[in-house]
Amino acid sequence: MRKDAKEKTMKKIHKIELILLSLLILSGCNKKNDENALYEANDKTKLSITMVGKSSENPVFLAAWEGAELAAAKLNKKHRNLELSIDWRTPLTESAEAQAERIRNAVDDGTQAIIVSCSDDAFLTSAIDYAVGKNVPVMTFDSDAPNSKRFAYFGPDDEAIGERVIDELAARLDNKGKIAILGGNQGAPNLQRRVEGMRKALLKYPELVLIGEYYHDETAKAAAGKMLEVNAQNPDLAGWAMSGGWPFFGEELLDKLEPGKQVIVAVDALPQQLPYIEKGIVQVFLGQPTFQWGEKSVESVVNKLYLEKDVPESTQMNLIAVSKANLGGWSRQLRAWGFSNIPVKYLKM
Amino acid sequence: MSAAKQHQTAAQDKISFGQKFSYGLGSIVNNLLGGAIGYMSIVLNVGLGMNPALVGTLQAIPRLTDSLTDPIMGYISDNTRSRFGRRRPYIFAGAILVGITFALMWQLREGYSEMFYFWFFLIGSIIFYLFYTMFATPWVALGYEMTTDYHERTRLMGTMNFMGQFAWISLPWFYAFMENDRFFSNSVEGARGLAILIGIVVIVLGIMPALFTKEKFSASGETKSAIEGLGANVKAFFKGLVITLKRKDFLKLCAGTFFLFNSIQLVGAFSSYIIIFYVSGGDSDMGSKFMGLFGSINTVSTLLAIAAVTWISTKIGKRYTFMLATSATLIGSILKWFCYDPMAAWKVLLPAPFIAIGMGGLFTMMGSMIADVCDLDELETGERREGMFGAIYWWMVKLGMALAFGISGFLLNGTGFNVAFGGAQTSETFFWMRVVDVAIPAGASIIAILAVWSYKITEERSYEIRQELDIRRGKVTATPVNA
């Protein structure tokens, strides 16, 4: 009796299994037909995006490239009918002329979209407009060309960066003391906007006394020299607000500045600058997630061209304050963005 | 440490593979329903723009209604008399109703207000959980009574738990499925499609235990008319509830489960965040790969662990097996502290098998041990109340899960984590994230071991209870339902 019941049960189960299997096969067949229809209607869409950074010697643009490549790989995986590729055409050294030439060449070579960080917006506006005139949409990142026909910009709001530098400095100086601004190249529009932001923010802190704005060539040596010169002339200088991190690109100041004597807040937090945080010479670097320049720009181009979605004309990138507290985390983040020259001791923090 | 005497399962106490398989199909449905809303709710936020706090509220409120409906359903099922049994009619109807409700409650479209979505989904959720209770409570109780044998219970629970893992394997893929633009234009449409698919699976698999399993016991006591019996039933319900909550061995099992299972749930999010933001430095691709590998190793290890603990428990008893398996989770949790290494990301995979052993052992041993408690309860009260025990046990599990999801967000905030900083969190934040991720499951494992330490129903005692019950009944299958 028990065996009979068991056999009956098993037969019932086999029947159900057969029905389920049939359903599965049927659903599989239907799906295949649908998929074929989709495939025929939308054959692989090839999308080549030309990427033009300022300089391929500059690690921030290599990180941006890494971001673009990874975003492309992710999007190719997500959208199976899309064949996205990155065409890297960044000049070796910074040159607006070289960038303009490469944009024109890319258009003539049949690129479908361009993302560019403008070394000189006035110079590049005509090249961008040339591309757009040939139906090649252009997006800017890091450094904008606001008067061009580019469809979107992703990068920092330079004025907001300047304000943030002063806010961070004021918080560490209890809102009082003598400070100086190190401004880099006085002719660079983005740096001008940062200094403008600093001036604006200083209005909030009447007891912060600005002794002067100092400009210099954008090399580590020139910046360090200028800084030491101002320090020598102003022994009671309490802090520095820097619109870039130039003095700390080299090791010269590691032995020449006394840790903790001044409060220093500077923009950028690249691997070679990190020892200044470790030694306590610099209190805060405002790091730019440069990886996102490439990542977000590629996503925006795909959203506009492939998915036909609306893309905001301007998207502000948020900066990350790097101090001793998150030196380890920031170092690992830099490594994840493709930077390779990071001391192991920071990665282990 | 082994039991004084090992008993062999008598032929009449063995459950055929077909019955075990049919019962196990219910486990896939139970786990699928239990986890699906949690995994699909992201659509409410990302796809429909609902405030995450409202989404959290939507998940919490049904837990309150469950606290009422679960034990009531347990009581109703325990006291039902019908020619089809006291469990199977509810399992059959519950599977169909919950499948349909689940499919319907996700048929949301864009363009409505946030409060419209909130109320639509809240009402849908309450109805869904009501039918889910209608299915799950009798199904759980059925498992406790399919055999009276100490070891065969563990084998049944092992099969059930093994099959139920396939639901957990599928759940993490839900979001990718809903987001896949080959099938759907957006995640909201994806949720609509996926819900229908899940509804069909739930109905087809959910009715199997009702169709192909046998009930061993029927309700005891006199039959009363609905009106005449209302007062008596309410009184009996609360009396049964109190008796259940006073049974110390049962409470020890509840405590063991509550701490072990929910601690793992609680820190699940932490592990993901630590792997992505600490070990992988904010590289979500790399972190996702390791999380995927971690999940795969965990799944395979869980399946192996279920088979292993099922076998081991026949050698050393259920209590020792549970403590042994939970000790593995304790070791795995502590191991995590040393294996979160940004210089060697692969190490994050090492604790996975250890943690899986405890999880694999948990629901295999607990189901089997609660069935033993039901026997002891019958011996002392004269009533079989698997429904009530199962309802309270699973309500406690569900409540714990809801609490775990709710608390984990606050804990993460408490560590100072800010997603905007990516991998550049402070060292202090990472330290506390790791402390929480390691200390909570490790501490909970110790509490679970201590809770079950003094559990008294040994193999020997279980067979004594069984003999006494057999003598009292005259014959174990004296009141077969569908023979």
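A polar contact of 2.8 Å joins the side chains of A:Asn231 and A:Gln262, and this report, which describes a predicted model, starts from that pair before turning to a sheet, to a loop residue of the other chain and to the interface. A:Asn231 lies in helix α7 of chain A, which covers residues 220-233. Because its relative accessible area is 15%, and buried means under 20%, A:Asn231 counts as buried. Leaving aside residues up to four places away in sequence, A:Asn231 touches A:Leu237, A:Trp240, A:Leu257 and A:Gln262, so that A:Gln262 appears both as a partner in the polar contact and among the residues touched.

Chain A also holds an open sheet of 6 strands, arranged in the order β7-β6-β8-β9-β10-β12 with mixed pairing. The edges are formed by β7 (208-215) and β12 (320-322) of chain A, and since each of these has a single partner strand, one side of each is left without a neighbour in the sheet. From one strand to the next, the twist averages 20 degrees. In general, the strands of a sheet pair through backbone hydrogen bonds, either parallel or antiparallel. The antiparallel sense is the one found for strand β10 (residues 284-287) of chain A and β12(A), which pair over 3 bridges, and A:Phe285 stands opposite A:Val322 in β12(A).

In chain B, the residue B:Trp173 is placed in the loop between α6 (150-170) and α7 (174-179). With a relative accessible area of 59%, B:Trp173 is exposed, and its C-alpha atom is separated by 33 Å from that of B:Ile312, which is 139 residues apart from it along the chain.

The two residues whose exposure has been described are set out here.

| Residue | Place | Relative accessible area |
|---|---|---|
| A:Asn231 | helix α7 (residues 220-233) of chain A | 15%, buried |
| B:Trp173 | loop between α6 (150-170) and α7 (174-179) of chain B | 59%, exposed |

The interface remains to be described. Chain A and chain B bury about 2600 Å² between them, with 59% of it on carbon and sulfur atoms, and the contact takes 31 residues from chain A and 34 residues from chain B. Between the two chains the count of salt bridges is 0, whereas 6 residue pairs in polar contact, both residues at pLDDT 80 or more, are found across the interface. On the side of chain A that touches chain B, the elements giving two or more residues are α1 (2-41), α2 (59-78), α10 (327-336) and α11 (344-347) of chain A, and the largest share of that side, 13 residues, comes from α1(A).

Terms used:
Residues are numbered from 1 along each chain as its sequence is written. Chains are lettered from A and ligands numbered from 1 in the order in which they are written. This is a predicted model: local features need pLDDT of at least 70, side-chain atom pairs count only at pLDDT 80 or more; totals for chains, interfaces and linings use all residues. Side-chain values use heavy atoms; hydrogens and water are left out. Two strands pair if DSSP finds at least two bridges between them. Helices (H or I, at least four residues) and strands (E, at least two) are DSSP runs, numbered from the N terminus. Axes are lines fitted to C-alpha atoms, for helices over the stretch in contact, and angles run from 0 to 180 degrees between N-to-C directions. Buried means under 20% relative accessible area, exposed over 50%, partly exposed in between (1.4 Å probe, protein chains only). Contact means heavy atoms within 4.5 Å. Buried area is the accessible area (1.4 Å probe) that two parts lose on being put together, summed over both. A salt bridge is a side-chain nitrogen of Lys or Arg within 4 Å of a carboxyl oxygen of Asp or Glu. A polar contact is a pair of N or O atoms within 3.5 Å; within protein, one must be able to donate a hydrogen and the other to accept it, and residues adjacent in sequence count only if both atoms are side-chain atoms.
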